[in-house]
Amino acid sequence: ELLDYFGTYAELHGDASLVLMGLKLMHIPDAPYIRFAGMLSETERVEALEAATVVIVPSPFESLSLLALEAFSVGTPVLANARSDVLTDHCQRSNAGLYYADRDEFHECLHLLIQNDGLRTTMGRQGRAYVHSNYRWDVIMKKYDKLIAGLRSSRTNSRNPRQRSRKRTSRS
């Protein structure tokens with residue numbers, strides 16, 4: 001789908017290149033607008049995300065989307081698949097990405113992101129702020145601490161049903 005959508009975009013506009021990174025698990029067409037970078041080191045991967053105009057996250061099956069969060073963290077906006085609730089939620093909460101449900105939306109969103117430097121800059125700032133507010137190590141640890149404290153509290157209350165009924169009786 002990504003190759004198809006991007007191919008028609010490139011034919012219409014001719015102003016973009018699709019750079020793919022990672023393992024090659026499928027046939028990649030030999031097209032002038034496609035570049036395959038292959039497996040990159042961590043440093044090279046981060047540099048590629050920083051250098052990108054937009055990072056496309058085409059998977060409809062995301063459970064967190066490290067790619068989207070990594071793009072946000074370096075200030076690169078995301079164009080995401082609208083069939084992924086996780087991705088649309090990240091885009092909406094961060095204001096750092098757009099999402100598409102079909103070819104026409106893909107074309108319009110990509111064109112907007114490529115052509116509008118101000119929008120990309122604003123979305124980049126918002127993406128960094130989103131990751132900083134929600135995904136720093138200390139923020140995640142506080143969320144786990146709160147979750148564990150809540151579990152302990154509910155477990156203690158469920159173990160002592162008599163104590164709870166006595167408390168209710170003594171209030172009456």
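Start by selecting Arg93, which is partly exposed, with a relative accessible area of 45%. Here, buried means under 20% relative accessible area, exposed means over 50%, and partly exposed covers what lies in between, with a 1.4 Å probe and protein chains only. The model is predicted: local features need pLDDT of at least 70 and side-chain atom pairs count only at pLDDT 80 or more, while totals for chains, interfaces and linings use all residues. Residues are numbered from 1 along each chain as its sequence is written, and side-chain values use heavy atoms, with hydrogens and water left out.

**Stop 1: Arg93 and its partner**

Keep Arg93 selected and add Asp89. The two side chains form a salt bridge, with the closest N and O atoms 3.2 Å apart. The term salt bridge stands for a side-chain nitrogen of Lys or Arg within 4 Å of a carboxyl oxygen of Asp or Glu. Both residues belong to helix 4, where they are four residues apart, about one turn of the helix. Helices (H or I, at least four residues) and strands (E, at least two) are DSSP runs, numbered from the N terminus. Asp89 is partly exposed, at 30% relative accessibility.

**Stop 2: a salt-bridge network**

Next, select Glu42, Arg45 and Glu70, which are joined into one network by salt bridges that share partners. Within it, Glu42 and Arg45 form a salt bridge whose closest N and O atoms are 3.1 Å apart. This pair sits in helix 2 (residues 42-51), three residues apart, about one turn of the helix. Glu42 counts as exposed because its relative accessible area is 52%.

**Stop 3: from the start of the chain to a later loop**

How many salt bridges does a search of the whole structure find? The search finds seven. To see another of them, select Glu1 and Arg83, whose side chains meet in a salt bridge at 3.2 Å, N to O. Glu1 is in the segment before helix 1 (2-13) and Arg83 is in the loop between strand 4 (78-81) and helix 4 (85-94), so the pair ties together parts that are 82 residues apart in sequence. Glu1 is partly exposed, at 42% relative accessibility. Arg83 is partly exposed too, with a relative accessible area of 46%.

**Stop 4: His107**

Move on to His107 in helix 5 (residues 103-115). Is this histidine buried or exposed? His107 is buried, because its relative accessibility is 8%. Show the residues around it: apart from neighbours within four places in sequence, His107 is in contact with Tyr5, Thr8, Tyr9 and Leu12. Contact means heavy atoms within 4.5 Å. For Tyr9, a distance can also be drawn: a polar atom of the His107 side chain lies 3.4 Å from the backbone nitrogen of Tyr9.

**Stop 5: two cysteines**

The structure holds zero disulfides, a disulfide being a pair of cysteine sulfur atoms within 2.5 Å. Select Cys91, which is in no disulfide and whose nearest cysteine sulfur, that of Cys109, is 9.3 Å away. Cys109 is likewise in no disulfide, and its nearest cysteine sulfur is that of Cys91. Cys91 is buried, at 3% relative accessibility, and Cys109 is buried, at 14%.

**Stop 6: two positive phi angles**

Most residues other than glycine have a negative phi. Select Ser65, where phi is positive, near 75 degrees. Ser65 is in the loop between strand 3 (55-57) and helix 3 (66-73), and Ser65 is buried, with a relative accessible area of 3%. Then select Asn95, which has a positive phi of about 55 degrees although it is not a glycine. Asn95 lies in the loop between helix 4 and strand 5 (97-100). Its relative accessible area is 47%, so Asn95 is partly exposed.

**Stop 7: Glu11 and Tyr33**

Select Glu11 in helix 1. Glu11 is exposed, with a relative accessible area of 66%. Add Tyr33 and look at the C-alpha atoms: the two residues are 22 residues apart along the chain, and their C-alpha atoms are separated by 9.3 Å.

**Stop 8: a nonpolar surface patch**

Finish with Trp137, Met141, Tyr144, Leu147, Ile148 and Leu151, which make a nonpolar surface patch of about 660 Å². Patches are made of residues with over 30% relative accessible area and no salt bridge, joining like charges within 9 Å and nonpolar side chains (Val, Leu, Ile, Met, Phe, Trp, Tyr) within 5 Å. Accessible areas come from the Shrake-Rupley method with a 1.4 Å probe; for residues, only the protein chains shown count as cover. One of the patch residues, Leu147, is found in helix 7 (residues 137-159).

Technical notes: A polar contact is a pair of N or O atoms within 3.5 Å; within protein, one must be able to donate a hydrogen and the other to accept it, and residues adjacent in sequence count only if both atoms are side-chain atoms.
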